[in-house]
Amino acid sequence: MKKHLIYLQVLISLLWGIQILSAQEKPVTITLLSVNDMHASLDRFPRFAFMVDSLRSIYPDLLLISAGDNQTGNPINDQFTPKGIPMIELMNAVGFDYSTVGNHEFDTRPHGFALLTQEAHFPFICANVQVEPHLGIRILPSTVHTFYPQGVRIALLGAVQLEADGKPATHPDWLNGIQFEEGRNVLPRYKEMSDKCDATILISHLGFEEDRVIAEQNPWIDLIIGGHSHTYLPTPIEVGSVSISQSGSKLQYLNMMQLTLKQGQVIRKEAHSLPIDPKAGAESKEVRTLVNQFNNNPQFSEVIGVALDHFTSYDQLGYFMVDAYRAVSGSDIAVQNNGGVRISNLLQGDITRRDIFTLDPFGNELMVVELSLDELKALLLAGTVREEDHKPLLLSGATAYYTFTPDKVCTKVELRDSKGKPLSPKRRYKVAYNSYINAAYPYEHEQAAVGLGYNTAEAIMQHVIQLKNVPSYQAVAPRNHIKLK
């Protein structure tokens, strides 16, 4: 009897293998839907869900993929308890199959990210991160997805961007127990895995320029689904035989990629960029109900002041932020990293708590430190090294004059007060900045920064409440001046 069972199992396996082989002799088309850098755009989910459901009714085996930064950008999600759960519940409701890890996934802190990975009905994939087991963060370095009954095997890899210090762009204190390695060093190790599959897809949160480098170095990858740089590619960019796609940010577009395979080779790629316009058509009723439940929080609708004019740029809002830090902390100088300014416009009229949390969602503590003039200059020089494109830190209480070489190296910075006079080298200055700058922007200084016990968003709200009417920043003069030499 036992021999007969073994014989039957072998026969079934052989027949199944013959069926798969027969299927692979014919062209097989698989469908992939992808988004990236959603940044908790909850209000676009009902339309997005309807589009996914409609496409899934046509292509029932499609995969829905996120290229990271699902979190951070909407206070309804960011201030929720537990932080980030609304996005995970909505991603579960829409039916995501895979997500890579973006730098802003770590904004939820290790214990928070652990909970999100445990509550998600889909795996997070990231090959260049290693997590100490006791943290409970569930991340796979890679996986293989098999499409049945065709038997098509797709290798899926993931990778997250790293800054010059070898860590993702998030608060360093939130990365304890987590190790990282450059994606371009890790990914070639998966070539052998790729060789055993019919196609290989990298779900990348490395940014478009790094994706191009990865494509050049790893021609065995068939498709890179990209994120991090918020690049909108209406059609994929081809680097050799590697296709690179990216869909902007904040659920503006849904990318649809169809790969046709035959005998273990991708023989055709077809891509479509689909606008996600909430006003364009039907919504998912189930997801609309979920979004309405999350949005039903009157705390965020409270009006705390009035903007007398429109804010129309990151710099205007950044200057507003540092002016708030300086006023509330009683400091001489305040600085802010450019990446911490999360919106580029704020309309004239009522300012709500939600507006401020959207502008500044990170929860970084406001800190103050006593600095000499040389130490203050060292801080500003550190900013030109750390900031993207070497952009100077936003500044309040002084005007800075930078000298850069043509290859974007800052060699000198001079500071002047509101009357155009150079700051004195004989005194010390009380400087306010956020705890992220304190942890991530190393510079030489003697005294330690002191936390004030409240975060920067709370400082901005306090400033707005005190002002009542926030003045126009349209005519505010630039506070950073750059010359090349």
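**View 1. Ser-329 and the residues around it.** In this predicted model, Ser-329 has contacts with residues well away from its own stretch of sequence. Setting aside neighbours within four places in sequence, its contacts are Leu-366, Val-368, Lys-430, Ala-432, Leu-452 and Tyr-454. Look for Ser-329 in helix α10, which covers residues 314-329. Is Ser-329 buried or exposed? Its relative accessible area is 9%, and the cut-off for buried is under 20%, so Ser-329 counts as buried. There's also a polar contact to spot here: the side chain of Ser-329 pairs up with the side chain of Ser-331 at 2.6 Å.

**View 2. The largest nonpolar core.** This core has 78 residues. Which of them touch the most other members? They are Phe-45, Phe-48, Val-94, Phe-96, Leu-254, Phe-320 and Ile-460. Helix α10 chips in with the largest share of this core, eight residues. Another core, of 29 residues, lies apart from this one, and Cys-410, Leu-415, Leu-423 and Ile-437 are among its members.

**View 3. A closer look at Phe-96.** Now zoom in on Phe-96, one of the residues that touch the most other members of the largest nonpolar core. If you skip the neighbours within four places in sequence, Phe-96 is in contact with Val-35, Met-38, Phe-48, Leu-64, Ile-65, Ser-66, Met-91 and Phe-122.

**View 4. Helix α4 under cover.** Helix α4 takes in residues 85-94, and it's mostly covered, with eight of its 10 residues buried. Which residues of α4 are the buried ones? Going along the helix, you'll meet Ile-85, Pro-86, Met-87, Ile-88, Leu-90, Met-91, Asn-92 and Val-94. What do these buried residues pack against? Their packing partners are helices α2 (45-58), α3 (75-78), α5 (109-119) and α9 (285-295), along with strands β2 (63-66) and β4 (124-125). Just past the end of α4 sits Gly-95, with a positive phi of about 95°.

**View 5. Strand β10, covered on both faces.** Strand β10 runs over residues 199-205, and seven of its seven residues are buried, so the strand is largely enclosed by the rest of the structure. One side carries Ala-199, Ile-201, Ile-203 and His-205, while the other carries Thr-200, Leu-202 and Ser-204; all of these are buried.

**View 6. The strands that pair with β10.** Strand β8 (residues 152-160) pairs with β10 in the parallel sense, over seven bridges. To find one of these bridges, start at Val-160 and go across to its partner in β10, His-205. Strand β11 (residues 223-225) also pairs with β10 in the parallel sense, over three bridges. Here, Leu-202 has Ile-224 in β11 as its bridge partner. Follow the chain from β10 through helix α8 (residues 208-217) to β11 and you've traced a right-handed β-α-β unit.

**View 7. Back out to the whole protein.** Zoomed out, the protein has 14 helices and 26 strands. Its C-alpha trace spans about 95 × 45 × 40 Å along the principal axes. How does the radius of gyration fit with a compact globule? A compact globule of 485 residues would have a value near 23 Å, and the protein has 25 Å, which agrees. Of the 485 residues, 54% count as buried. Among contacts with a separation of 6 or more, 74% come from residues 24 or more positions apart.

Terms used
Residues numbered from 1 in each chain as written. Predicted model: local features only at pLDDT ≥ 70, side-chain atom pairs only at ≥ 80, totals over all residues. Heavy atoms only, no water. Helix = DSSP H or I, 4+ residues; strand = E, 2+ residues; numbered from the N terminus. Buried < 20%, exposed > 50% of the residue type's maximum accessible area, 1.4 Å probe, protein only. Polar contact = N/O pair within 3.5 Å; in protein donor to acceptor, adjacent residues only side chain to side chain. Contact = heavy atoms within 4.5 Å. Core = buried A, V, L, I, M, F, W, Y, C linked by side-chain atoms within 4.5 Å. Pairing = 2+ DSSP bridges. Right-handed = clockwise from strand over helix to strand, strands pointing away. Rg over C-alpha atoms; globule rule 2.2 N^0.38 Å.
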